[in-house]
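Trainee: Please show me how to read the surroundings of a bound ligand.

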Amino acid sequence: LPAPQTQLGLRFPDSFGWGAATSAYQIEGAAKDDGRGESVWDTFSHTPGRVRGGDTGDIAADHYHRYVEDLDLMKDLGLGTYRFSISWPRIQADGTGAPNQRGLDFYRRLVDGLNERGIAPMATLFHWDLPQSLQDIGGWESRDVAYRFADYAEAVFEALGADVPVWLTINEPKTVVQNGYLQGHHAPGLQDPAAAYLVAHHLQLAHGLAVRALRATGSGSRIGPALNLHPCYPADDGPGVAEATRLYDGYENRLYLDSIFKGAYPADVLDDLGPDDRMIRGIRDGDLKIISSPVDLLAVQYYTPIYVTGDGGTTRKWPTSEASWQQLYPDGMYDILSRVTRDYGDVPLTITENGLPTPDILGADGTVDDPGRIAFLRDHLAAVHRAIADGVPVESYHVWSLMDNFEWNEGYEQRWGLIYIDFPTQRRIPKRSANWYRGVIAANTL
Ligand code: PNW
C-alpha cells in the first residue's frame with residue numbers, strides 16, 4: 001500500500017483538471033489501417049539501428065482497436081481531461097489534399113467517447129509524425145510544409161473543432177530541432193546544424209498559422225502551443241557561467257516563448273546564430289506577427305532541469321531516472337511555472353506532460369508496484385500546488401503517460417505509464433500509481 005507520506009493534505013482548486021497524456025504514434029498501432037499513410041517515424045523505426053531492439057510503433061498499445069477499453073480505464077481513474085494527439089498521416093496520407101474520412105472517424109469516436117464520459121478532450125495536432133511524403137519534399141526545412149500544416153489543421157478543426165475545447169498546435173518544437181536535426185536520435189535522424197533553426201522557425205510559423213486557422217472557423221475552442229521548458233541554472237559561480245546559462249536558456253526556452261508571446265526571437269540567440277544562419281535568412285516580413293497570434297493558454301511540459309557550465313556545456317547535479325537526460329528535481333517545476341508567469345504574463349497554464357520512466361514488472365500476484373512513480377508525482381504535484389498558491393494560473397495537469405508506450409528511440413523498454421501494458425497480450429493493468437492517482441483525483445487533494 002502507498003506509504004502514509006503519500007498524503008500531504010494539499011487541496012487543489014475546485015476547478016483543477018486532473019489528466020493524463022499520450023500521443024498517436026506512441027500508442028495507436030494500426031499502422032496500415034483505414035488508409036493511414038506513412039510518417040517519418042515509420043521510416044525511422046523501420047531503419048535498422050535507429051530504435052533500441054528494433055522496436056516500431058506498428059502495433060504499440062493497439063489503442064486504435066482498444067480505445068473503448070482505454071476510455072473506460074480513464075473513466076475509472078476519474079480523469080477530468082485527456083490529452084492525445086491526432087496522426088496527420090491518418091487524416092492526409094500524403095500530407096495534402098482531401099481529408100481521409102476513415103481517419104477522421106476514429107478521432108470522432110474517441111472525442112465522443114471522452115465527452116460521453118465527462119472527460120474533456122485536449123488534442124495536439126502534431127506530435128512528431130510528419131507524413132513521409134512531406135519529408136520527401138524537405139520536411140520542416142521547407143516553408144511550404146508550414147502551410148500544408150495549416151491546411152491539415154483546418155480540416156481537423158472543421159471535423160472536430162466544436163467538440164474539442166482545447167487544441168494544442170505543435171508538441172515540443174524544441175525536441176524536433178534538437179533530437180531530430182542536431183543529435184539525430186529522433187526522426188528524421190539528421191545531424192544538420194545548418195538546418196536546425198530554420199526548422200525551428202517553420203515549426204513556429206506552422207503554430208501561428210494553425211492558431212489563425214482555428215480563429216477563422218469562428219470556433220469558441222481555445223488553442224495554444226505545447227512547449228517543453230527546461231529551467232537552466234548556473235552549475236557554479238565561476239567566470240562566464242552566468243552568461244553561458246543565459247544563452248543556454250535562450251536556446252531552450254526563450255526562442256520558443258519570446259517568438260509567441262513577445263513577437264520577436266531573442267536577440268542573444270540571433271546574435272549567436274549569426275546573420276548567415278539559414279533561419280535568419282528564412283524569416284520573412286510578417287512571420288513574427290503570425291507566430292505571435294494571440295493564444296488562449298500555454299501548455300508546459302516539465303521533466304528536468306539543466307545545469308550549465310562556463311564552456312556552455314552541461315553537468316548533472318541530481319540523480320537521473322531510467323532516462324539518462326532526466327534529473328530528478330521537483331523544485332524545477334515550481335521554478336519554470338513561476339518564471340513563465342513572471343516573464344510572459346498571466347496566460348493560463350496547463351501542464352501537459354510530467355512523468356517518470358520506471359522498469360516496472362508485472363508481479364506474480366498480477367499487480368505492478370511502482371513506488372518511484374508515486375513519489376515523483378507527489379513531489380512534482382506539491383511543487384505545482386505551491387506555484388498555484390503563489391498565484392500562478394495553472395488550470396490542469398496531465399501525467400505522461402496514461403499507459404506504457406513506444407518511447408521513441410528507446411522503444412518499449414522505458415515504461416512511462418500509469419497503466420501497465422503487457423505488450424504480448426495487450427492486457428491493461430493499472431499500476432499502484434494509478435490507484436494512488438485515482439485517490440488524489442477523488443479527494444482533489446494531494
Ligand atoms: C516528451 N528532454 O519528449 C514527449 O513529448 C513524449 O512523446 C515523450 O514520450 C516524453 O517526453 C518522455 O520522453 C521529451 O531531453 C524528450 O528533456 C526529451 C526531453 C524532454 C521531453
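Mentor: Begin with the shell, where a residue counts as near if one of its heavy atoms lies within 4 Å of the molecule. By class, the shell around the ligand has 6 nonpolar, 8 polar and 3 charged residues; Ala, Val, Leu, Ile, Met, Phe, Trp, Tyr, Cys and Pro count as nonpolar, Asp, Glu, Lys and Arg as charged, and the others, Gly among them, as polar. This is a predicted model, in which local features need pLDDT of at least 70 and side-chain atom pairs count only at pLDDT 80 or more, while totals for chains, interfaces and linings use all residues. Residues are numbered from 1 along each chain as its sequence is written, and side-chain values use heavy atoms, with hydrogens and water left out.

Trainee: Which of the 17 residues around the ligand come nearest?

Mentor: They are Q26, H127, H230, E353 and E407.

Trainee: Which side chains have a polar atom close to an oxygen atom of the ligand?

Mentor: A polar contact is a pair of N or O atoms within 3.5 Å. Among such pairs, an oxygen atom of the ligand lies 2.8 Å from a polar side-chain atom of E353, 3.0 Å from an N or O atom in the side chain of E172, and 3.2 Å from a polar side-chain atom of W400.

Trainee: How much of the ligand does the protein bury?

Mentor: Accessible areas come from the Shrake-Rupley method with a 1.4 Å probe. The ligand taken alone exposes 450 Å², and the protein buries 93% of that.

How values were computed. Polar contact = N/O pair within 3.5 Å; in protein donor to acceptor, adjacent residues only side chain to side chain.
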